[in-house]
Amino acid sequence: MDYFFDPNRLPSLLVPFVTLSYPVDPPVNPDSFPNSSYYDIGYLDACVIVTLIAIMAVLRDAARVLLLEPFANWKLTRDWRRRQASKSGSSTPELKANVNNPVSINPNGKVNGPVTTIGSAEKLLADRPAENSREARRIRHAVVRFAEQGWQAIYYLVQWSLGVYIHYHLPSNLWAGYPHVPLAGIVKMYYLMQISLYVHAVLLLNAEAPRKDHWQMMTHHAVTIILLVASYTYNFTRVGCLIVVLMDWCDIFLPLAKMLRYLSYQTACDVVFVSWMFSWFITRHVLFCKVIASAYWDVPNQLEFGWWPERGYWLTKEVHKVFVSLLVLLETIQSIWSYLIFKVAYRVLKGEGADDSRSDDEG
């Protein structure tokens, strides 16, 4: 097994795909993670991104097929059986037979013997809806959607937890010490994981059936990828870590609310949705706008504009304007979504239940 974990034994072509590239000596006085290995950045980092996308695809399918879909199918089918039993007036479907001529089931699943039941005996014996019935299609749709949202909830919870840990150990000043390079190994891996996430999301968005906000989502993901790659390339990873932590927090609650709705827990769904709505407003419009304001005002006040590639110092007035513009564009997209969110909130107040109109329905 050591063969697979020792880069020195791997073919040189594979090494960039399974290890972080560009290791360097740690700074003399690092401002964070003093015991970590440190790395520079470069083109070979794209190899790790490819590997991470593949791992995410495998983990997503494994979680979906082995855990989330079986659970949702069991839960929704059980609920259907209970509804059928309730309609029949019995807590459990059962057959009533003549004592002298008991009921039996033949190998084909048919009922033998005189049967007296409320409704059809064969219908009561069925443990799931007919294959092509409307109820079966509804359950299949809910199972698939539950699994999709379940993976997102799991992934964002893990990423947000890691992001909080990293942000806690980074200096509180977002701009001091620029350029923020070399990077601690955990910071570099976290950043590459975030880039991989959004690239993977773009691939999924184009592979699945289009939804009503397809182009809004594509624009959001494209802008986010550009910001992540640019901040990584231009050594603004400290503020980048803070932004993705703010983004990931909301993205835990929304999938959870949708999961509850697919399981028909509408009240719990509404509670989680309202919690998500408040967290969305705080993180995406209050805290994120504070980051934009800091980027606009604090950067010129704290840093010198200049272009010194040998130091990794890429901050010119033009670069600054582009970064701020991209952040404002991202906030604009989020503001459009907020309008849709308030429409959903209005329906909740009217007692119609939460139903996120941004991305759940297919277009």
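How many disulfides does the structure hold? The structure holds zero disulfides, a disulfide being a pair of cysteine sulfur atoms within 2.5 Å. This is a predicted model, in which local features need pLDDT of at least 70 and side-chain atom pairs count only at pLDDT 80 or more, while totals for chains, interfaces and linings use all residues. Residues are numbered from 1 along each chain as its sequence is written, and side-chain values use heavy atoms, with hydrogens and water left out.

**The whole chain**

Begin with the complete protein in cartoon view. The protein contains 10 helices and seven strands; these are DSSP runs numbered from the N terminus, helices being H or I with at least four residues and strands E with at least two. Of its 363 residues, 45% count as buried. Buried means under 20% relative accessible area, exposed over 50% and partly exposed in between, with a 1.4 Å probe and protein chains only. Among contacts with a separation of 6 or more, 72% are accounted for by residues 24 or more positions apart, where contact means heavy atoms within 4.5 Å.

**Two cysteines**

Select Cys250, which is buried, with a relative accessible area of 0%. Then select Cys289, which counts as partly exposed at 31% relative accessibility.

**Tyr22**

Move to the loop between helix H2 (15-18) and strand S1 (23-24), where Tyr22 is found. Its phi is near 65°, a positive value in a residue other than glycine. Most residues other than glycine have a negative phi, and most peptide bonds are trans. Tyr22 is partly exposed, because its relative accessibility is 28%.

**H3 against H6**

Two packed helices are described by the angle between their axes and the distance between the axes. Select helix H3 (residues 45-88) and helix H6 (residues 185-207), which pack at an angle of about 60° with their axes 8 Å apart. H3 is therefore oblique to H6. Axes are lines fitted to C-alpha atoms, for helices over the stretch in contact, and angles run from 0 to 180 degrees between N-to-C directions. Angles under 35 degrees count as roughly parallel, over 145 as roughly antiparallel, 65 to 115 as roughly perpendicular and the rest as oblique.

The crossing of H3 and H6 is right-handed; a crossing has this hand if the near helix is turned clockwise from the far one by less than a right angle, and is left-handed if anticlockwise. To view the interface, show side chains including Ile49, Leu52 and Met56 of H3, and Leu192, Ile195 and Val199 of H6.

**H5 against H6**

Keep H6 selected and add helix H5 (residues 134-169): the two axes come within 11 Å and cross at roughly 150°. This crossing is left-handed. Among the residues that meet are Tyr155, Gln159 and Leu162 in H5, with Tyr190, Met193 and Leu197 in H6.

**Two cis prolines**

Go next to the loop between H5 and strand S7 (183-184), which holds Pro179. A cis peptide bond joins Tyr178 and Pro179, with omega about 5°. Pro182 has its place in the loop between H5 and S7, and the peptide bond from Val181 to Pro182 is cis, with omega near 0°.

**H8 and its ends**

Select Asn235, in the loop between helix H7 (214-233) and H8. Asn235 is not a glycine, yet has a positive phi of about 65°; at a relative accessible area of 4%, Asn235 is buried.

Now select H8 itself (residues 237-262), whose 26 residues reach 37 Å from first C-alpha to last, close to the 38 Å expected at 1.5 Å a residue. The expected span is 1.5 Å times one less than the number of residues. Because 24 of its 26 residues are buried, H8 is largely enclosed by the rest of the structure. Finish just after H8, at Ser264, which takes a positive phi of about 70°.
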